[in-house]
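Please walk through the fold below with me, element by element, keeping the coordinates open as the text proceeds. The path goes from a sheet to the helices and then to individual residues.

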Amino acid sequence: MRFAQKPTSERRGRFRSALVATVAVPALLLSACAGSGGPEQAEPTGTGDVSADISGTVRILMENVPDTDIVTSMVGDFNKEYPGVEINIESLTYDQMRDKLVSSFQSSSPTYDLIVVDNPWMVDFANADFLQPLDARIDSTPDYDAADFFKPLTDITTVDGTRYAVPFYNYALGYLYNTDDLAAANQQVPTNLEELVATSKALKTGDRAGIAMQPQRGYKIFEEWGNWLFAAGGSIYDSDGRITLNTPEAKRALEAYIDTYNTAAPANSLNWSMDEAQRSVSANQAASMINYNWQLPALNEPGSGPAAGKIKLAPIPGGKQVLGSWSWAIPANSATPDAAWAFVSWITAKPNDVARTEKGGAAIRQSTLQDPAVLQGRFGEEYYKTVEQLLANSSPLSQGPSGEEMIQAVGTELNEAVAGTKSVDDALAAAQAEAERIQG
């Protein structure tokens, strides 16, 4: 399988951590069979054995963001239980990751033994035989309780009935709003598309925007507008997996999105992504936004900005939201797959998911959001109960092959419509045609 070059435009636009999370270990000379494109693929071996005498060095690639810093902070606790396993975490910016991963998959001397996979990559990586199937490991690990993961997250990790990964981090979007602004405008939290449009307009006062939007060409606008599509009663795929982007519901959603952008969003924000929207809300320059659920703790952190302590989270109007996720996966050519599974099964085990979530990580297990330590922690029960609602009814942008290419193509057409260089009808027709062409 040939993989397209990753576009250089920002994908998620998340907070960037200055710290490169690396736990240094001595270099080892390793050899292993390579994935598709290299020497003959090795059959995956090993089960769910996570005995404390497992040893080896696990080289991990993650994104250079606070999520990784949290995992790194827990390595010491892991080594108390697994002293023979050395963890070496390398972190890169998002745009660097995919090419590095594919190069390692295809090498007879792979660079990584454990990775995190973004949801649009999952089908391509699995179909190319780059990832080890994990069913045997999952099913034979004592007390692992894989059914406790939120189902929308495990649906992403499952390709043609086989589990190739386990969840690491959820990226469900929600509606974030300034409670003072909502009260001053005598508005309620919107519960449908019409109310979302009307509330956004009502919240605009003078130079302050009613909603900070993210119409940046490519990933960001599709990720944001997908929530508007759901609110209009539309879908990205039908029940048979066919793409459904050129429908009356999609037209209604895009027209509402454009109307709101023109009347309630910050001026000259056509190229805004997550960072700009977050800064606008944090600085009290915009009253609301649709963004990742874990933005709430960051926005309300004391000293983070004038809006700190005033922001709340609600489900997307209509009740369904776009879902993104990262998942742990073991490359098929990993040199230390058993040690890699020891770390994965430890970091995603129930007590450690609680600990990671308490530190600010995004929950992946249902039981974590029922745990008193989490609900009574610094972020509050109301926040986690809302996150539970988001994860119960969410869906990713892509469910098939070439997911990232499809997302970029659709997002380009949507941006053209917002910019006024294409009509809504023409943009949706082109988005449908491109998505069908790319995903077959």
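In this predicted model, a good place to begin is an open sheet of 3 strands, whose order is β8-β7-β9 and whose pairing is antiparallel. The edges of this sheet are held by β8 (288-292) and β9 (311-314), and because each of them has a single partner strand, one side of each is left without a neighbour in the sheet. Neighbouring strands here are turned against each other by 35° on average, with direction ignored.

The pairing between β7, which covers residues 173-178, and β8 is antiparallel and extends over 5 bridges. Within this pairing, L176 stands opposite M289 in β8, and G174 has N291 of β8 as its bridge partner. Being an edge strand does not leave β8 open to the surroundings in this model: 5 of the 5 residues of β8 are buried, so the strand is largely enclosed by the rest of the structure. Across β7 and β9 lies helix α16 (residues 381-392), which runs at about 30° to β9.

A comparable description applies to strand β6, residues 166-170, where 5 of the 5 residues are buried, so that this strand too is largely enclosed by the rest of the structure. Strand β6 runs antiparallel to β11 and is joined to it by 4 bridges, and in this pairing the bridge partner of Y169 is W326 in β11.

Strand β6 also appears in the surroundings of helix α14 (residues 350-358), since what covers the buried residues of α14 includes α1 (66-73), β6, α13 (337-347), α15 (372-375) and α16. The buried residues in question are N352, D353, V354, R356 and T357. Just after α14, G360 takes a positive phi of about 115°.

Helix α3 allows a fuller look at how a helix is set into its surroundings. This helix comprises 12 residues, 94-105, and reaches 17 Å from its first C-alpha to its last, which is close to the 16 Å expected at 1.5 Å a residue. Its buried residues are Y94, M97, R98, L101, V102, S104 and F105. Seen down the axis of α3, these buried residues fall within an arc of 160°, so they line one face of the helix. What covers them includes the strands β1 (56-63), β2 (85-92), β3 (114-118) and β11 (325-329), together with the helices α4 (122-127) and α17 (403-419).

One of those covering elements, α17, also packs against helix α18 (residues 424-439), at an angle of about 170° and with the axes 9 Å apart. That angle makes α17 roughly antiparallel to α18. On the side of α17 the contact is made by G403, E405, M406, A409, V410, E413, L414 and A417, and on the side of α18 by A427, L428, A430, A431, E434, A435, R437, I438 and Q439.

A second helix pair has another relative direction: the axes of α8 (residues 193-203) and α10 (residues 248-264) come within 9 Å and cross at roughly 10°. These two helices are therefore roughly parallel to each other. Their contact is made by L193, E194, V197, S200 and K201 of α8 and by R252, A253, A256, D259, T260, T263 and A264 of α10.

Some individual residues merit separate attention. Most residues other than glycine have a negative phi. In the loop between α5 (135-140) and α6 (151-157), however, D143 has a positive phi near 60°, and D143 counts as exposed at 78% relative accessibility. N268, found in the loop between α10 and α11 (274-282), likewise has a positive phi, near 55°, and N268 is exposed, with a relative accessible area of 78%. In strand β2 lies E86, which counts as partly exposed at 35% relative accessibility. E86 and T57 are 29 residues apart in sequence, yet 4.6 Å apart in space from C-alpha to C-alpha.

Turning to the chain as a whole, the secondary structure comes to 18 helices and 12 strands, and buried residues make up 57% of the 440 residues. Among contacts between residues at least 6 apart in sequence, 78% join residues at least 24 apart.

Technical notes: Residues numbered from 1 in each chain as written. Predicted model: local features only at pLDDT ≥ 70, side-chain atom pairs only at ≥ 80, totals over all residues. Heavy atoms only, no water. Pairing = 2+ DSSP bridges. Axes fitted to C-alpha atoms, helices over the stretch in contact; angles between N-to-C directions. Contact = heavy atoms within 4.5 Å. Expected span 1.5 Å × (residues − 1). Buried < 20%, exposed > 50% of the residue type's maximum accessible area, 1.4 Å probe, protein only. Arc of directions from axis to C-beta. Parallel < 35°, antiparallel > 145°, perpendicular 65-115°, else oblique.
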